[in-house]
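Thanks for making time for this short talk. Please have a look at the structure first, and then I will go through it piece by piece.

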Amino acid sequence: MDTDGPATDVSGEDSEPESKTDPDTEVDGDGPERPEPERADGGVIEDRLAQLFRSGRTNAVIAWAMVAVLVGVFVESLLGFDLRTMILVAAIAAVVVVPAVAARDPQVMLPWEVLGLALLPILVRALLGGELGTFATYLAIAAFALILTVELHMFTSLRVTHWFAVLLVVLTTMASAAAWTVVRWNADRVLGTEYLTTNEALMIEWLYVTLAGVAAGILFDAYFRQRGRRLRRAIGRVVRR
Amino acid sequence: MNVRTALRTRPSLQTQRRLTRAMQILLVGIVLYGFVYGQPKAITNGGLGLFVTFVPAMVERNYDIPLDPWLGVWITSAVFLHTLGSAWFYAQIEWWDHLTHALSASLIAGAGYTTLRAIDLHSDEIDIPSRFAFVFIFVVVLSFGVVWELFEFGLDIVSDETGISMPLAQFGLDDTVLDLMYNSVGALIVATFGQAHLTGLAERVRDGLLGTTEE
């Protein structure tokens with residue numbers, strides 16, 4: 001057993017029961033595959049937010065409303081032949097509807113709060129007509145990275161745990177800023193665009209990106225824990241009964 | 001194929017020690033040069049470099065992880081080339097900076113990949129297929145690049161405020177982005193060739209650091 005000592009802080013063994021349930025409940029918590037915790041939870045939780053989420057139909061309606069906005073943006077970019085937006089929105093929409101398509105059930109959708117955060121820049125632009133700041137944009141990218149991670153976990157042979165998913169999201173957010181910088185720099189040189197200005201401006205952008213990545217990591221960690229605890233409590237009551 | 005055969009024929013421990021020793025002597029020379037001619041940059045960089053060259057031996061002794069001789073040479077030469085660069089070549093040879101960035105990024109990539117494999121082997125719940133490892137190496141190297149450049153930026157601000165000359169500095173937008181791009185080259189090399197060679201190391205790291213999962 002002494003080998004377990006140094007292992008715990010590396011693999012986060014104390015969070016194992018949570019991490020086992022978390023990535024799954026992430027998407028299909030209100031799906032048809034896991035009816036027991038879903039039903040048990042419904043009566044227990046008074047929290048209005050939780051109720052909204054627990055009800056598979058309400059969550060699906062909100063999520064599909066967001067997809068409708070995506071479709072609207074896509075059609076608009078199609079009419080204006082804005083190729084970049086077209087590709088971007090189509091790819092995002094594809095990722096968003098994957099769970100519903102895979103389960104052949106429109107009620108199996110991502111949790112609306114995660115989806116809302118990931119689509120925030122697009123929603124704000126389409127509905128309110130403004131631009132988000134760097135911090136909020138990269139927070140959205142972090143949420144999208146989380147969605148991708150969870151879907152890869154569900155639909156491929158990739159298996160992650162709660163802490164690994166959080167780490168991956170933080171790193172991916174920062175890496176995406178670096179990759180986008182390289183793309184912009186080369187576009188400035190080859191295509192004559194003017195994305196990048198000075199090194200200082202870029203560093204300040206990266207600083208916000210790093211903060212957004214870390215903030216997203218803390219946020220998602222709390223979110224995972226919260227959901228895991230809620231689910232365990234609900235199961236616990238059913239078992240006692 | 002040539003590179004692979006060359007890598008597979010392990011250098012003897014003695015050869016590795018000789019190579020490391022020669023580089024350490026040169027690093028001591030750089031530090032001494034710094035003291036004699038009053039170059040604080042040469043002292044800090046040379047001293048740090050010298051310290052890092054002892055890390056592989058320390059890891060072997062303290063954690064009982066037998067390191068591949070090539071790995072020792074790899075780590076030592078990355079530090080060595082950087083120290084040489086900051087002493088002379090960065091200012092004179094334009095591509096020296098790119099070379100050291102690719103080499104140090106390859107080290108970060110190797111460390112990232114080894115950690116990933118060790119976690120993959122150690123944890124039953126985490127399973128990372130090799131095609132994801134390729135992406136993961138890039139993610140680690142790119143995000144580390146962001147942290148590194150921010151660190152340099154911070155040092156620049158501190159040295160502007162206090163007037164103390166720092167061992168590292170940024171040289172503008174183009175330099176920052178080129179750093180990132182050459183970091184990616186290092187990551188690409190490790191992601192392409194490294195996976196086969198680093199797998200054994202990951203197993204030893206798991207055994208030495210994390211302990212085996214068996215009783």
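Let us begin where two helices meet: from α5(A), the residues Val67(A), Leu70(A), Val73(A), Phe74(A), Ser77(A) and Leu78(A) come into contact with Thr85(A), Met86(A), Val89(A), Ala90(A), Ile92(A), Ala93(A), Val96(A) and Val97(A) of α6(A). If we sort the residues of this contact by class, 12 are nonpolar and 2 are polar, while no charged residue takes part. Please keep in mind that everything I show today belongs to a predicted model.

How are these two helices placed with respect to each other? Helix α5, residues 56-79 of chain A, packs against α6(A) at an angle of about 155°, and their axes are 9 Å apart. Angles over 145 degrees count as roughly antiparallel, and α5(A) and α6(A) are therefore roughly antiparallel to each other. The crossing of these two helices, α5(A) and α6(A), is left-handed.

Between these helices there is a loop, and in the loop between α5 and α6 of chain A we find Phe81(A). Most residues other than glycine have a negative phi. Phe81(A), however, has a positive phi of about 45° although it is not a glycine. Is Phe81(A) buried or exposed? A residue with 12 or fewer other C-beta atoms within 10 Å counts as exposed, and Phe81(A), which has 8 of them within that distance, is therefore exposed.

Now let us follow α6(A) to another partner. Helix α6, residues 83-103 of chain A, and helix α8, residues 134-155 of chain A, have axes that come within 10 Å and cross at roughly 30°. Since angles under 35 degrees count as roughly parallel, α6(A) and α8(A) are roughly parallel to each other. On the side of α6(A), the contact is made by Val95(A), Val98(A) and Ala102(A), and on the side of α8(A) by Ile147(A), Leu148(A), Glu151(A) and Phe155(A). By class, the residues in this contact of α6(A) with α8(A) are 6 nonpolar and 1 charged, with no polar ones. The crossing of α6(A) and α8(A) is, once again, left-handed.

Stepping back to the whole of chain A, we count 10 helices and 0 strands. Of the 241 residues in chain A, 34% are buried. Among the contacts in chain A with a separation of 6 or more, 69% join residues that are 24 or more positions apart.

Chain A also touches chain B, with 30 residues of chain A in contact with 29 residues of chain B. Which elements give two or more residues to the side of chain A that touches chain B? They are α1 (4-11), α9 (162-190) and α10 (199-240) of chain A, and α9(A) gives the most, with 11 residues. This side of chain A is made up of 19 nonpolar, 10 polar and 1 charged residues.

Finally, a few words about confidence. Chain A has an average pLDDT of 75, with 72% of its residues scoring at least 70. Over residues 1-53 of chain A the pLDDT is below 50, although this stretch has 81 contacts in the model beyond near neighbours in sequence. Chain B averages 76, and there 81% of the residues score at least 70. Within chain B, confidence is lowest in helix α1, residues 2-8, at a mean of 53, and highest in helix α7, residues 130-162, at 87. The model as a whole scores ipTM 0.71 and pTM 0.71.

Note on methods:
Residues are numbered from 1 along each chain as its sequence is written. Chains are lettered from A and ligands numbered from 1 in the order in which they are written. This is a predicted model: local features need pLDDT of at least 70, side-chain atom pairs count only at pLDDT 80 or more; totals for chains, interfaces and linings use all residues. Axes are lines fitted to C-alpha atoms, for helices over the stretch in contact, and angles run from 0 to 180 degrees between N-to-C directions. Helices (H or I, at least four residues) and strands (E, at least two) are DSSP runs, numbered from the N terminus. Angles under 35 degrees count as roughly parallel, over 145 as roughly antiparallel, 65 to 115 as roughly perpendicular and the rest as oblique. A crossing is left-handed if the near helix is turned anticlockwise from the far one by less than a right angle, and right-handed if clockwise. Two residues are in contact if their C-beta atoms, placed from the backbone, lie within 7 Å. Ala, Val, Leu, Ile, Met, Phe, Trp, Tyr, Cys and Pro count as nonpolar, Asp, Glu, Lys and Arg as charged, and the others, Gly among them, as polar. pLDDT is the predictor's confidence in each residue, from 0 to 100. A residue is buried if 20 or more other C-beta atoms lie within 10 Å of its own, exposed if 12 or fewer, and partly exposed in between; C-beta atoms are placed from the backbone.
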